[in-house]
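Work through these exercises with the model open. Try each task before you read its solution.

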Amino acid sequence: MRVGVLTGGSDCPGLNAVIRAVVRKGVQSYGDTFTGFRDGWRGVLEDDATELDIPQVRGTLPRGGTVLGSSRTDPLAEADGPARVRATLAARGLDALVVIGGVHTLTAAASLADEHGIPCVGVPKTIDNDIAGTDYTVGFDTAVTVATETIDRLHTTAESHKRVLVVEVMGRNSGWIAVHAGLAGGANGVLIPERPFDLDRVCGWVRSRFGASYAPIVVVADNARPAGTEVRLGGLSGIGEWLGREIERRTGHEARATMLGHIQRGGTPTPFDRWLATRFGLHAIDAVHAGAWGRMVALRGTDVVRVPLADALATPKTVDPARYAENEVFFG
């Protein structure tokens, strides 16, 4: 078969490992040939691509980002988008398209497969881990590792200066990075979008921690907000700085904020992300040969399964109360 590959949306560690596995197994097991589209759906719409083979993906397993480039281009934004996608695949003689992306990229793939008959197979990647149907997404573990290592480092400077350290992590509308890194890093408070927080309660955690002769670390997801209070930040980021100022004003304890931002997206993928990305790639090319159009490879336990893209994207995967309660044991 002739197979197209693209990476769309925000970058994350592990994308190259998916591409490598798709190409390696496709060439070695099926005799496939591959075309890599540059910059996500933009490359498909504009027929901007390069041929992929084993030598080109060799050595990319530990490399962060994506060798194909990425963008937030939406092929459904224009009425002729699906027709342009179909025309590009036909012109290049492609039998299928492996779409590696997050919510928006895979939503487009689901629509193109289910409503326009375009042969797409999805691979879930996002540091936010907010795609339902899969236990974990490519890139999430690396982001959690970066955040946890940061928290570990901040504990020592917080103790040295008796300061409150606020750590702002990514997550958009889900608090998975905050919950995982907060628990792993020994944070004394974790604030997530799913649960508007009580600022007085947060200040209580801070006072309690100082009362025990320790300096507190508070982890906050970038889209977390206080209950009953409108906070104007001008974007997703900024809640960490705002929270630090409020804690200092209300408690009298010096506070500093650290915003990790795109550091969580960059660099070498962790061993788990390499393992997950590689397995997803291997199973994605199998799904192509099974004609599993409109489906996504997903991790369930330790098994890689196929789930309908439409079902996986119907609702975002958010942090449930029971998981958050595990963190609350260590607050204050």
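**Exercise 1.** Which residues form a nonpolar patch on the surface, and with about how much accessible area together?

*Solution.* Start with the ground rules. This is a predicted model, where local features need pLDDT of at least 70, side-chain atom pairs count only at pLDDT 80 or more, and totals for chains, interfaces and linings use all residues. Residues are numbered from 1 along each chain as its sequence is written, and side-chain values use heavy atoms, with hydrogens and water left out.

Now the patch. It is formed by Leu183, Val329 and Phe330. Together they have about 310 Å² of accessible area (Shrake-Rupley method, 1.4 Å probe; for residues, only the protein chains shown count as cover). Patch members have over 30% relative accessible area and no salt bridge; nonpolar side chains (Val, Leu, Ile, Met, Phe, Trp, Tyr) are joined within 5 Å, like charges within 9 Å. A salt bridge is a side-chain nitrogen of Lys or Arg within 4 Å of a carboxyl oxygen of Asp or Glu.

**Exercise 2.** Place Leu183 in its helix, then decide how covered that helix is.

*Solution.* Step one: Leu183 lies in helix α7 (residues 176-185). Helices (H or I, at least four residues) and strands (E, at least two) are DSSP runs, numbered from the N terminus.

Step two: Leu183 has 39% relative accessibility, so it is partly exposed. Buried means under 20% relative accessible area, exposed over 50%, partly exposed in between (1.4 Å probe, protein chains only).

Step three: α7 is mostly covered, with seven of its ten residues buried. Among them are Trp176, Ile177 and Val179.

Step four: the buried residues of α7 pack against α6 (140-161), β6 (164-169), β7 (189-191), β8 (217-221) and α12 (321-328). Contact here means heavy atoms within 4.5 Å.

Step five: Gly186 follows α7, with a positive phi near 70°.

**Exercise 3.** Classify the ring pair of Phe272 and Trp275.

*Solution.* Count first: the structure holds five aromatic pairs. Phe272 and Trp275 have ring centres 5.3 Å apart and planes at 40°, so this pair is tilted. The rule: rings of Phe, Tyr and Trp (its six-membered ring) pair if their centres lie within 6.5 Å; planes under 30 degrees apart count as stacked, over 60 as edge-to-face and the rest as tilted.

Both residues sit in helix α10 (residues 271-289), three residues apart, about one turn of the helix. Phe272 is partly exposed at 28%, and Trp275 is partly exposed at 35%.

Contrast Tyr324 and Phe331: 5.8 Å centre to centre, 70° between the planes, edge-to-face. Tyr324 and Phe331 are both buried.
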